[in-house]
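Here is my note on the model you sent round. Please read it with the structure open.

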Amino acid sequence: MEEKAVLLALQRALFTLCCQAENPLPRFKQLLFELKQHNDNTLISKTVDSPESEVKQEMEMKMEVKTRDPIDFVLSAVTQAIRLRDLERLGEPLLEYEENIEQLNENLLAYAREEGLSETELAAKWMEKLDHRLNNAATFYRDNRMYRYSRECDSKVRGYSRAISVSGACALVILFSKQSDLPSSQYSTHSVAIYSDETCQSLVKIYSAGQAPKDVLLPAVVPSHECWVKLSYPEICPLVELQVLPIHPDLGLSFWLIRFLLQSIATKTLADTTDISMSQSIDMCVQMIQLLFQRWQLTTLQVSPLKQALLSLVFQILSTIDIIAKKRNDSEEIQMAIDNGLNVLKDFTSEAKDIFELESGSEVTTYFQLLVDILVLADKLRSSSCKQITKVSFSLKGDDDDDDKDAEAAGDNGDEEDEASKEWDCPICTLKNPFVEDKCGLCGASRPPIKAKAKHDTKGLSANKVQQQLIGFSTAIQFFKSVDKSNALVIETLFKAAWN
């Protein structure tokens with residue numbers, strides 16, 4: 001515990017030092033060189049009278065110091081100033097450190113310039129740092145996932161809270177299986193509660209079922225490396241299966257590093273619009289997408305808040321490519337780099353189709369919306385020969401559907417007749433009244449407001465059709481932006497045509 005406290009204090013001190021207006025990073029390089037010499041001399045003196053195992057461990061520690069540069073130390077210190085537990089804002093600066101992070105960004109860019117690195121060498125250096133951190137986080141995730149089961153222990157102790165702990169994690173994502181279910185009960189409640197403390201006083205999330213069952217348990221994010229899960233049930237223990245996904249601090253650091261690079265690319269694009277500069281920027285963006293896919297295997301990664309956070313980052317990278325692509329000249333080399341780099345995103349089409357079939361009859365999740373946004377933006381960036389959507393149609397019905405109009409109209413009338421034959425319960429005296437009456441026949445109370453039924457008519461729709469229409473809309477918006485605003489007649493004619 002004392003060592004952790006000392007390390008935390010050192011990291012905070014190092015971060016404060018790195019954020020000084022007078023850039024300290026060049027001085028770090030000389031300091032590390034002197035530290036390397038000191039370690040080499042110490043290792044040589046210990047080799048004579050130290051056991052072989054101790055020497056080997058010492059060499060490993062020294063090798064770690066040798067391979068580090070000032071940027072490695074900076075990245076380690078940054079973890080004290082960014083969000084590591086909030087998946088929706090992963091890698092963003094903490095409020096009290098926003099100004100420090102801005103100064104740190106300037107210091108990092110200035111240090112890179114002073115090192116005299118070429119654009120290609122600098123890009124390779126950043127990609128190496130990013131790859132290392134992404135690999136650390138992904139490996140930690142795969143090695144430390146765990147599964148828990150409500151009936152894994154003796155029935156006498158199932159009602160006690162059970163600890164879930166992953167050493168080294170900064171947050172935990174709790175995923176419940178589709179088989180998990182909290183049954184209904186007339187006189188008591190089935191519940192699953194997640195607490196952040198052993199005394200079960202600090203509640204993170206609770207799932208409960210009373211007279212209505214609860215067969216869908218949404219994911220929970222615990223902002224700690226441990227939590228306690230407690231089941232409450234009257235007689236029979238409900239079936240609850242959960243998977244624990246650990247989040248390593250290097251994931252938040254990777255998010256921050258990618259945003260730092262995207263900000264640098266955007267600044268560079270404004271200053272230099274040559275094909276060479278834009279090609280280098282797009283190559284870096286494409287490499288970031290490919291690293292995310294390679295390390296995290298995004299096409300096969302199960303749907304979770306973690307995957308949604310990773311895909312949100314992919315969308316930010318795509319948005320940066322879109323900004324660059326709008327400023328470029330018609331360069332075949334740049335377009336080829338975009339087409340090749342976005343091939344990995346095509347596999348998401350089948351996932352979007354599967355999710356659409358699950359959600360088309362209910363509320364659409366933000367994950368599906370994000371997936372469609374990524375597919376639409378990626379297809380806009382592709383050349384015409386590589387597009388997945390080659391034709392845009394806003395019609396939901398084919399020619400064969402015209403014959404069904406009368407039947408559908410008859411069906412609508414039937415629904416109205418059904419509504420008319422229904423009854424409503426008076427909230428005051430509970431008398432059942434005909435649906436056509438606005439007042440209660442016994443006490444005169446007004447009929448409660450009628451809730452409109454949500455219509456989820458997806459006939460003729462598909463994930464592909466949704467993607468088509470969004471591409472059509474975005475293209476139309478882009479076209480309207482290019483129209484001369486002074487010619488009101490042209491704009492009015494276009495809007496009337498679009499409306500009709």
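The points below cover the basis of the model, its sheets, two helices, the aromatic pairs, a loop residue and one database annotation.

1. **Basis.** This is a predicted model, in which local features need pLDDT of at least 70, side-chain atom pairs count only at pLDDT 80 or more, and totals for chains, interfaces and linings use all residues. Residues are numbered from 1 along each chain as its sequence is written, and side-chain values use heavy atoms, with hydrogens and water left out.

2. **First sheet.** Four strands, in the order β1-β8-β3-β6, make an open sheet with antiparallel pairing. Its edge strands are β1 (146-149) and β6 (220-222), each pairing on one side only. From one strand to the next the twist averages 25°. Strands here are DSSP runs of E, at least two residues long; helices are runs of H or I, at least four; both are numbered from the N terminus. Two strands count as paired if DSSP finds at least two bridges between them. The angles run from 0 to 180 degrees between N-to-C directions, with axes as lines fitted to C-alpha atoms, for helices over the stretch in contact.

3. **Strand β8.** Take β8 (residues 241-247) next. It joins β1 through 4 bridges, and the two run antiparallel. Met146 has Val244 of β8 as its bridge partner, and Tyr149 stands opposite Glu241. Strand β3 (residues 171-176) also pairs with β8 in the antiparallel sense, over 6 bridges. There, Phe176 is partnered by Leu242. How much of β8 is buried? The count is 6 of its 7 residues, so the strand is largely enclosed by the rest of the structure. Buried means under 20% relative accessible area, exposed means over 50%, and partly exposed is in between (1.4 Å probe, protein chains only).

4. **Second sheet.** Another open sheet of 4 strands has the order β2-β7-β4-β5, again with antiparallel pairing. Here β2 (162-165) and β5 (203-209) are the edge strands, each pairing on one side only. The twist averages 15° from one strand to the next. Strands β4 (residues 190-195) and β7 (residues 226-232) share 5 bridges in the antiparallel sense. Within this pairing, Ala193 stands opposite Lys230 of β7.

5. **Helix α11.** The 12 residues of α11 (residues 348-359) should span 16 Å at 1.5 Å a residue, and the end C-alpha atoms are indeed 16 Å apart. The expected span is 1.5 Å times one less than the number of residues. Its buried residues are Phe348, Glu351, Ala352, Ile355, Phe356 and Glu359. Seen down the axis, they fall within an arc of 135°, so they line one face of the helix. The arc is that of the directions from the helix axis to the C-beta atoms.

6. **Helix α12.** This helix has 16 residues and reaches 23 Å from its first C-alpha to its last, close to the 22 Å expected. Of those residues, 12 are buried, so α12 is largely enclosed by the rest of the structure. Among them are Tyr367, Leu370, Leu371, Asp379 and Leu381.

7. **Aromatic pairs.** The count comes to 6 aromatic pairs. Tyr141 and Trp296 form a tilted one, 5.3 Å centre to centre with 50° between the planes. Tyr141 lies in α6 (residues 119-144) and Trp296 in α8 (residues 275-296), so the pair ties together parts 155 residues apart in sequence. Tyr141 is buried at 4% relative accessibility, and Trp296 at 3%. The rings of Phe356 and Phe368 have centres 6.0 Å apart and planes at 45°, so that pair is tilted too. It ties α11 to α12 (residues 366-381), across 12 residues of sequence. Phe356 is buried at 12% and Phe368 at 6%. Separately, Trp126, Trp256 and Phe260 form one aromatic cluster. Rings of Phe, Tyr and Trp (its six-membered ring) pair if their centres lie within 6.5 Å; planes under 30 degrees apart count as stacked, over 60 as edge-to-face and the rest as tilted.

8. **Thr300.** Is Thr300 buried or exposed? It is exposed, with a relative accessible area of 64%. Thr300 sits in the loop between α8 and α9 (305-327). Its C-alpha is 9.5 Å from that of Phe348, 48 residues away along the chain.

9. **Annotation.** UniProt, in an unreviewed entry, lists residues 87-114 as "coiled-coil region". In the model that stretch is 61% helix and 0% strand, with its end C-alpha atoms 35 Å apart. UniProt positions follow the numbering used here, feature names are shortened, and annotations may be inferred rather than shown by experiment.
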